[in-house]
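Biologist: I would love a close look at one part of this model, with its surroundings filled in as you go. Please start with the whole and then work inward.

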Amino acid sequence: MRSARGTGVRGGGDTAARLLAALGRFHDARPWDHNAHYHRAVLRRLPRRFGLALDVGCGSGDLARLLARRADAVTGIDTDPGIVAKARAATPEAVPVAFATADALDEEAAPGPYTVVTCVAALHHLPLAEALAAFRARLIPGGTLVIVGLYREETLADRAVSLLAVVANTAVAWWKHPGGGRVPRPLAMTAPTRPATTGLAEIRRTAARVLPGARVRRRLLWRYVLVWRRPERPTAPPPPGSARAKAPTRRGGSRTSGSSRAGPS
């Protein structure tokens, strides 16, 4: 009985391995850019026209060129000089985009300030809190930060969404490339990659601390979208003795605690 059970487990494992290998060959022959799929989601969260924009982790420059249709000027930065050279080569001279090899954490690199900062599939290459603070520092008051990021699977919900993503990914690959021949990889997919190491819960906690009011939404294809708008001006505390500074009172004369009203529901 032990031998039979062991054979069954090995057989099931071999079948799963063969299926994964076949799926890998299928996608190797039909590559498509998941990040480019979310460029429209980035643009939907931005004004129709804006001033200066910064694209962090610009890669081959696809998003930077799209931003240039709305922006006065765009700066794209990436730490990989090879992909930056490809971005420059792929960008017509008339397009108002400048590319530079730079580290987003370097305060002197593309200091701004900018009306828009974007970052697609690059945040997981950086220390999370430090990078979010660096993006925040480059934004003008009222400016918009949009991030499309990757997260590490940790929960059952993560794995369930991942299974849906496998199905969707395969369907889209077949729809884009129905033929049986091998398709060249898009230029954007030649940039260095790295697996995500931070879960979605930690990303949300860190964003709430560094970027109060930021919205983080899970998306299909192993991505999330973070949107934050820098306040127009800091909220000043009310002057002492003003009506806003006084806590409201009940009819009985006891004061209502502001902290209890703001507590979790």
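What percentage of the 265 residues of the protein counts as buried? After that, please take me to helix 8 and tell me what its buried residues pack against.

Modeller: Happy to! This is a predicted model, in which local features need pLDDT of at least 70 and side-chain atom pairs count only at pLDDT 80 or more, while totals for chains, interfaces and linings use all residues. Residues are numbered from 1 along each chain as its sequence is written, and side-chain values use heavy atoms, with hydrogens and water left out.

To your question: 37% of the 265 residues count as buried, where buried means under 20% relative accessible area, exposed over 50%, and partly exposed in between (1.4 Å probe, protein chains only). The protein exposes about 15600 Å², of which carbon and sulfur atoms supply 57%; these areas come from the Shrake-Rupley method with a 1.4 Å probe, and for residues only the protein chains shown count as cover. There are nine helices and seven strands, taken as DSSP runs numbered from the N terminus (helices H or I, at least four residues; strands E, at least two). Among the contacts (heavy atoms within 4.5 Å) with a separation of 6 or more, 67% are between residues 24 or more positions apart.

Now to helix 8, residues 200–210. Its buried residues are L200, I203, T206, A207 and V210. Seen down the axis, they fall within an arc of 125 degrees, so they line one face of the helix; the arc is that of the directions from the helix axis to the C-beta atoms. An α-helix has 3.6 residues a turn, so residues three or four places apart point the same way. The face turned away from the buried side of helix 8 carries the exposed residues R205 and R209. E202, also in helix 8, is partly exposed because its relative accessible area is 32%.

What does the buried side meet? The buried residues of helix 8 pack against helix 6, strand 5, strand 6 (215–219) and strand 7 (223–229). Helix 6 (residues 128–138) has buried residues of its own: L128, A131, L132, A134, F135 and R138. These cover an arc of only 160 degrees around the axis, which puts them on the same side of helix 6. They pack against helix 8 in turn, and also against strand 1, strand 4 (114–120) and strand 5 (139–150). One pair links the two helices by distance: the C-alpha atoms of E202 and L128, 74 residues apart along the chain, are separated by 9.5 Å.

Beyond helix 8 come strand 6 and strand 7, and W222 lies in the loop between them. W222 has a positive phi of about 60 degrees although it is not a glycine, and at 23% relative accessibility it counts as partly exposed. Most residues other than glycine have a negative phi, and most peptide bonds are trans. Both rules have exceptions in the loop between strand 3 and strand 4. A110 sits in that loop with a positive phi of about 50 degrees, and at 16% relative accessibility it counts as buried. P113 is in the loop between strand 3 and strand 4 as well, and a cis peptide bond joins it to G112, with omega about 10 degrees.

Helix 6 and strand 7 also bring us to some empty space. The second largest pocket has a volume of about 170 Å³. Ten residues line it, with R136, P212, W228, R230 and P231 nearest its centre. On a 1 Å grid over the protein atoms alone, a pocket is an open set of points where a 1.4 Å probe fits, with protein on both sides within 12 Å along at least five of seven lines; lining residues have an atom within 4 Å of a point. Grid points are joined across faces, edges and corners, and the volume is the space filled by probe spheres set on the points. The lining divides into six nonpolar, no polar and four charged residues (Ala, Val, Leu, Ile, Met, Phe, Trp, Tyr, Cys and Pro count as nonpolar, Asp, Glu, Lys and Arg as charged, and the others, Gly among them, as polar).
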